[in-house]
Each structure stands twice: as C-alpha cells, then as structure tokens.
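User: Please take a close look at the part where the chain begins. Keep the sentences short, and follow the links to the rest of the structure.

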Amino acid sequence: MAGLTAGIYAARHGLSTAIVEQMMAGAQIINLERIENFPGFPQGIAGYELGPATQEQAMNAGVEMLMDTVASVSSDGDHLRVAGEGGGSYLGKAVIMAAGSTLRTLGIPGEEEYLGRGVSHCASCDGPLYMGQTVAVVGGGDSAADEALTLTEYTERVILFHRGDSLDAQQALQDRLAGQPKVEVRYNAEVVEVVGEDTVTGVRVRSADGENVEPVGGLFVYVGLEPNSSAVSDLVTLDNAGHIPVGLSMETPQPGLFAAGDIRQQSAAQLVASAGDGATAAIAAHRYIRSRDW
Ligand SMILES: Cc1cc2nc3c(=O)[nH]c(=O)nc-3n(C[C@H](O)[C@H](O)[C@H](O)COP(=O)(O)OP(=O)(O)OC[C@H]3O[C@@H](n4cnc5c(N)ncnc54)[C@H](O)[C@@H]3O)c2cc1C
C-alpha cells in the first residue's frame with residue numbers, strides 16, 4: 001500500500017516512476033476477506049479488491065510496474081542503484097523502500113516440517129481445508145484476532161493461544177471475538193511443538209498447569225512481523241528490530257533514500273498509515289529531486 005500510494009503521488013508530481021514488485025502489489029492484504037478500517041468503505045473492502053484497485057490507480061497515473069525481487073540498494077554517486085535478484089538494475093534519483101514485512105514464525109519443533117500440511121499463515125486461503133474441524137491460532141494482535149474470526153466461517157472451533165494475559169488486538173476485534181461462540185481464547189498459554197503424522201494432529205501447549213497436547217487439525221501462526229529491510233542494510237543502520245529509521249518526511253540518513261509503511265521505524269503497521277507514509281515519502285522525494293542540480 002505504501003509503495004503503490006508513493007507511486008501514485010510521484011507520478012502525479014511528474015516524476016518518471018517505476019515500482020519494483022516481486023509478487024503482486026499489496027501482497028500482505030491480498031488474502032484478507034474484509035478490511036474494516038480503511039476510510040471510504042463503510043461496509044469494509046476485501047484486500048483482493050483494494051490491492052489491485054490501488055495498483056490500477058498507480059498505473060493510470062503513469063507508474064511502470066517492474067517484476068523483480070530487490071536484492072540490494074546502493075549509492076552510485078548522485079543516484080541510487082536498485083539491484084534485482086534476476087540481474088536487473090534500476091537507477092533512480094530517489095528510492096522509496098516500501099517492501100513491508102513478513103510474518104514471523106514460532107521457531108518450534110514441527111513448525112517447518114508441517115508447513116503446508118497443517119501449519120499455515122493464511123486463514124482465508126487454507127481455512128476451507130479445515131471444514132468442521134478444530135484449529136489453533138497463535139498470537140494476540142490484530143492479525144491473530146482477524147484471522148481467528150475468518151476461520152470461524154469454516155471450522156467448528158478455534159482456540160486462540162496467547163502467551164500474555166491480555167490481547168493486543170484493537171478493541172473492536174476483541175469485542176467480535178468475545179461475541180463469537182466458536183472462539184475460545186486461552187491466555188498464558190504457549191504453543192511449544194507441532195505434533196502430527198502425515199498432517200498436523202495437535203499442538204503441545206505449555207501453561208501454568210504444565211504441558212498437554214491439544215488435538216487440532218491445523219495451526220495458524222500470527223506472532224508479529226519481520227521488516228523486509230535487508231536490501232538497504234549496507235546503506236542505513238537499521239534498528240534492533242530491523243526497521244529503517246526515518247525523519248518526519250520519511251527521509252533516511254542516506255540522501256535520496258526514503259522509507260514508507262511497515263518497513264520504517266515506529267510504523268503504525270496499518271494500511272491507511274502506510275498509504276499516508278507513501279504520500280509523504282513521494283512528496284519529500286519530489287522536493288529532494290527538485291532541490292538538487294543533477
Ligand atoms: C493477516 C493480516 C491482517 C491485516 N489486517 C489489516 C486490517 O484489517 N487493516 C489494516 O489497516 N491493516 C491490516 N494489516 C496490516 C497491513 O496489511 C499492513 O500494515 C500494510 O499492508 C503495510 O503496507 P506496506 O506497503 O508497508 O507493505 P505491504 O503491503 O506488505 O507491501 C509490500 C510490498 O513489497 C513487496 N516486496 C517485499 N519485498 C520485496 C523485494 N525484496 N523486492 C520486491 N518487492 C518486494 C511485497 O510483495 C509487497 O507487495 C494486516 C496484516 C496482516 C498480516
């Protein structure tokens with residue numbers, strides 16, 4: 001969302017603008033059934049509608065979409081060079097990093113082994129596979145709450161395991177969870193192992209009562225996000241969590257490099273905030289380019 005919005009603004013400011021995208025624009029929201037907090041959509045909007053619509057708007061504004069995975073960004077004198085994994089190389093007077101973040105894993109035994117065979121990060125993609133079953137969700141934030149609610153459309157029962165004693169999710173989502181009889185929230189409960197045969201059959205859970213194996217057909221993991229910032233780690237010092245430090249105009253300490261959305265330090269990690277960051281970064285990039293002799 002940050003990159004597409006930056007593209008719309010940069011192109012409309014008359015800058016020659018390209019977006020380098022590895023998969024599909026708005027990848028993080030593409031599976032979301034209903035986004036309820038993006039302004040302008042009183043009934044909510046699906047992520048798979050909002051993402052492509054924003055990309056179309058960017059292309060209508062004159063943005064060129066380039067398919068590549070960005071491997072690194074380096075300084076090339078006055079310009080910044082974006083290198084793609086496939087050997088592509090793109091030179092820009094300014095670069096806005098808006099590569100978002102990737103869902104974290106738990107790092108527990110069985111998680112990797114059963115990925116795609118019961119372990120998932122996408123409720124709307126894989127939920128239909130668990131029709132009538134009991135599934136587990138791990139996490140306590142907006143994503144975990146949102147995805148637990150999505151899973152109730154398919155499954156008989158959803159157990160939400162959370163390490164802490166209260167959820168971090170926004171109150172509106174917590175209220176919906178509380179009103180959904182299929183969801184049971186277990187606090188102070190840590191999933192420590194995924195167990196199964198051909199596919200997942202349960203999760204080992206540690207709590208104040210000790211450890212027990214809870215029988216579930218699937219495990220959906222939403223325990224935070226890892227910023228996709230490695231491409232600029234040689235240009236700027238990332239914070240401890242891997243976020244890119246920025247000033248109020250989304251500028252980084254590296255001249256010409258801006259960062260927007262989930263990838264930047266102290267991001268609200270929300271779509272509307274990412275869109276705002278993208279607009280701010282593009283306006284600042286336009287000012288930066290205009291202010292210099294090239
Ligand atoms: C399950 C879930 C539910 C959510 N629900 C909501 C919600 O209801 N409301 C809300 O406001 N927010 C929600 N969010 C948060 C929201 O999705 C993010 O805050 C937002 O998408 C961040 O936008 P972004 O532009 O920073 O990153 P993204 O939207 O993730 O966009 C980053 C783009 O960069 C691309 N990319 C990454 N690395 C590279 C690379 N090396 N080379 C090329 N391209 C690359 C990706 O493919 C992607 O298209 C949710 C998130 C999750 C995971």
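Analyst:
**Helix α1 and its surroundings**

β1, α2 (47-61), β6 (95-97) and α6 are among the elements that cover the buried residues of α1. One caution comes early: this is a predicted model.

How many residues of α1 are buried? Helix α1 runs over residues 2-12, and eight of its 11 residues are buried, so the helix is mostly covered. The buried set is Ala 2, Leu 4, Thr 5, Ala 6, Gly 7, Ile 8, Ala 10 and Ala 11. The chain then reaches Gly 14, just after α1, where phi is positive at about 85°.

Ala 2 leads on to the ligand. This residue is buried in α1, and it is listed with the closest residues to the ligand, along with Glu 21, Gln 28, Val 70 and Leu 271. In total, 29 residues surround the ligand. By class, the shell has 13 nonpolar residues, 11 polar ones and five charged ones.

Which atoms come close to the ligand's oxygen and nitrogen atoms? Take the backbone first. Met 24 has a backbone N or O atom 3.2 Å from a ligand oxygen. Two side chains follow. Asn 37 places a polar side-chain atom 2.9 Å from a nitrogen atom of the ligand. Gln 270 has an N or O atom in its side chain 3.0 Å from a ligand oxygen. On its own the ligand has 1000 Å² of accessible area, and the protein covers 91% of that. Three elements give two or more residues to the shell: β1 (18-21), α4 and α6 (271-290). Two of these names are familiar, since β1 and α6 also help to cover α1.

α4 needs its own look. It gives three residues, the largest share of the shell. Eight of its 10 residues are buried, so α4 is largely enclosed by the rest of the structure. The buried residues are Ala 144, Ala 145, Asp 146, Glu 147, Ala 148, Leu 149, Thr 150 and Leu 151. Their cover includes α3 (123-126), β9 (134-138), β10, α5 (171-178), β11 (183-186) and β15 (218-221).

Leu 151 points onward to a loop. Its backbone oxygen lies 2.8 Å from a polar atom of the Thr 155 side chain. Thr 155 sits in the loop between α4 (142-151) and β10 (157-161). Is Thr 155 buried or exposed? Buried means under 20% relative accessible area. Thr 155 is at 1%, so it counts as buried. Beyond its neighbours up to four places away in sequence, it touches Tyr 130, Gly 132, Gln 133, Val 135 and Lys 182.

Now step back to the domains. The assignment gives domain 1 (2-102 + 226-290) and domain 2 (119-221). Their centres, taken over C-alpha atoms, are 32 Å apart. Seven residues of domain 1 and 10 residues of domain 2 take part in the contact. Why does the ligand lie between the domains? Both domains give residues to the shell around it, so that is where it lies.

Return to α6, one of the elements that cover α1. Tyr 288 is in this helix. It counts as buried because its relative accessibility is 14%. Past four places in sequence, its contacts are Lys 93, Ala 94, Pro 255, Gly 256, Phe 258 and Trp 294. Gly 164 is 124 residues from Tyr 288 along the chain, and their C-alpha atoms are 45 Å apart.

Two loops finish the tour. Just before α6, the loop from β17 (257-259) to α6 holds Gln 266. This residue is not a glycine, yet its phi is positive, about 60°. It is exposed, with a relative accessible area of 73%. The second loop joins β11 and β12 (190-196), and Asn 188 lies there. Asn 188 is not a glycine either, and its phi is positive at about 50°. At 44% relative accessibility, Asn 188 counts as partly exposed.

Notes. Residues are numbered from 1 along each chain as its sequence is written. This is a predicted model: local features need pLDDT of at least 70, side-chain atom pairs count only at pLDDT 80 or more; totals for chains, interfaces and linings use all residues. Side-chain values use heavy atoms; hydrogens and water are left out. Helices (H or I, at least four residues) and strands (E, at least two) are DSSP runs, numbered from the N terminus. Buried means under 20% relative accessible area, exposed over 50%, partly exposed in between (1.4 Å probe, protein chains only). A polar contact is a pair of N or O atoms within 3.5 Å; within protein, one must be able to donate a hydrogen and the other to accept it, and residues adjacent in sequence count only if both atoms are side-chain atoms. Contact means heavy atoms within 4.5 Å. A residue is near a molecule or strand if one of its heavy atoms lies within 4 Å of it. Accessible areas come from the Shrake-Rupley method with a 1.4 Å probe; for residues, only the protein chains shown count as cover. Ala, Val, Leu, Ile, Met, Phe, Trp, Tyr, Cys and Pro count as nonpolar, Asp, Glu, Lys and Arg as charged, and the others, Gly among them, as polar. Domain bounds come from an automatic or database domain assignment.
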